[in-house]
Amino acid sequence: MRLVKDLMREPETGRRWVPIVPDEARTFGMESLFPSAKIYSPLGQRYESVDRDLLLAYTESTEGQILLEGITEAGSMASFTAAASSYATHGEPMIPFYIFYSMFGWQRTGDQMWALADQLGRGFLVGATAGRTTMTGEGLQHADGHSQLIASTNPACMAYDPAFAYEVGVIVRDGLRRMYGEAGENVFYYLTVYNEPKPQPAMPEGAEEGIVKGMYRFSEGGGQAQLLASGTAIHWALAAQELLREEYGIGVDVWSVTSWSELRRDAMTATGVPYVQEALAGARGPVIAVSDWMRAVPDQIAPWVRQPWTSLGTDGFGLSGTRESVREHFGVDPRSIADAVLKAVQEESGA
């Protein structure tokens, strides 16, 4: 939301952003937009909001820019599609930015997203509270471990699972270039973001190309094995990296995979060496992939990884519990990751 707020201040293009939220705008931090962008209403504000005494109170206006749709994912997708195709229907490019609980997107309105592709729509879909284990107290309705897999079936969807804020910035910038630059590609973006506060480091030098293409080495640790992680799982991988170094003297490298599906698409269409093989060229040891998604998500790139392959994921239904206990249940916590690395290293060495 900080990124969108800054982009909406751009003198030339800021007015073209269309933030859309179906419910719980405050949950997603959108209240910072209320005073400046305002919520669109064709009749203006005709009531006194219960939060009227707050600095960031609900503010409706006929000139409002935010579409606060109420609890209707279908209605929100209809608004998204209208804005996403306005470059063709009205000759006015708009940049819709629809943020929703990830389970309530592809799980419930995936057919509308297919229709969006059919209408050559452009824009950003943001699946918040993503992953199987980051929101474990509200039942199965929020335990999304598969929307990245469903998104990969849509030919027009560029699906990314960024781990850090700087990755989101790089991906959005590239999306704007592809969709609204000279090429004007008929694609749209799906970004998954999580429900967990985590440290946000500065961007490593030279990481931009890997972020866009799908992966880059985030932390070198010795190279006896390669840990590939996406989204919030990179923090579990980094903890496992430290555990392996301190307790076993094993050094592993950690890679941030921003898009398993884009790596797969590149590998399927590459006339030369696929990017995933190019990135891992010279990397020693087995490869262990981990994410907050079912194993089928990282397994998309397995056929093109030449090193011994292991994937860890959250297959099955979610369950209530602490994040730590649920991750231990699925075998994606730092200790489980470390155990998988130890096993893979031993198998490779023939021990």
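**Exercise 1.** In this predicted model, find which residues Asn154 touches, not counting residues up to four places away in sequence, and decide whether Asn154 is buried or exposed.

*Solution.* Step 1: list the contacts. With that exclusion, Asn154 touches Trp106, Met113, Trp114, Ala117, Phe188 and Arg265.
Step 2: place the residue. Asn154 sits in the loop between α6 (147-151) and β7 (157-160).
Step 3: apply the cut-off. Buried means under 20% relative accessible area. Asn154 has a relative accessible area of 1%, so Asn154 is buried.

**Exercise 2.** Check the end-to-end span of helix α3 (residues 73-84) against 1.5 Å a residue, then state what covers the buried residues of α3.

*Solution.* Step 1: the expected span is 1.5 Å times one less than the number of residues. For the twelve residues of α3 this should give 16 Å.
Step 2: the end C-alpha atoms of α3 are 16 Å apart, which agrees.
Step 3: the buried residues of α3 are Glu73, Ser76, Met77, Ser79, Phe80, Thr81, Ala83 and Ala84.
Step 4: the cover over these buried residues includes β1 (17-21), β4 (67-68), α4 (86-89), β5 (95-101), α5 (106-118) and β6 (124-128).

**Exercise 3.** Repeat the span check for helix α7 (residues 165-180) and find which residues of α7 are in contact with Tyr189.

*Solution.* Step 1: the 16 residues of α7 should span 22 Å at 1.5 Å a residue, and the end C-alpha atoms are 22 Å apart, in agreement.
Step 2: the buried residues of α7 are Tyr166, Glu167, Val168, Val170, Ile171, Val172, Asp174, Gly175, Arg178 and Met179.
Step 3: leaving aside neighbours within four places in sequence, Tyr189 is in contact with Gly123, Phe124, Leu125, Met158, Tyr160, Ile171, Asp174, Gly175, Arg178 and Met179. Of these, Ile171, Asp174, Gly175, Arg178 and Met179 belong to α7.
Step 4: Tyr189 is also one of the residues that touch the most other members in the largest nonpolar core, which has 65 residues; Trp17, Phe124, Leu227 and Val290 are the others. Another core, of 20 residues, lies apart from it and includes Val18, Met77, Ala83 and Leu125.

**Exercise 4.** Give the strand order of the open sheet of five strands, and explain why β9 and β13 have one side without a neighbour in the sheet.

*Solution.* Step 1: the order is β9-β11-β10-β12-β13, with mixed pairing.
Step 2: β9 (215-219) and β13 (309-312) are at the edges and have a single partner strand each, so one side of each lacks a neighbour in the sheet.
Step 3: neighbouring strands are turned by 25° against each other on average, direction ignored.
Step 4: β9 and β11 (residues 252-257) run antiparallel and are joined by four bridges. In this pair, Met215 stands opposite Val257 in β11.

How values were computed: Residues are numbered from 1 along each chain as its sequence is written. This is a predicted model: local features need pLDDT of at least 70, side-chain atom pairs count only at pLDDT 80 or more; totals for chains, interfaces and linings use all residues. Side-chain values use heavy atoms; hydrogens and water are left out. Helices (H or I, at least four residues) and strands (E, at least two) are DSSP runs, numbered from the N terminus. Buried means under 20% relative accessible area, exposed over 50%, partly exposed in between (1.4 Å probe, protein chains only). Contact means heavy atoms within 4.5 Å. Two strands pair if DSSP finds at least two bridges between them. Axes are lines fitted to C-alpha atoms, for helices over the stretch in contact, and angles run from 0 to 180 degrees between N-to-C directions. A nonpolar core is a set of buried Ala, Val, Leu, Ile, Met, Phe, Trp, Tyr and Cys residues joined through side-chain atoms within 4.5 Å.
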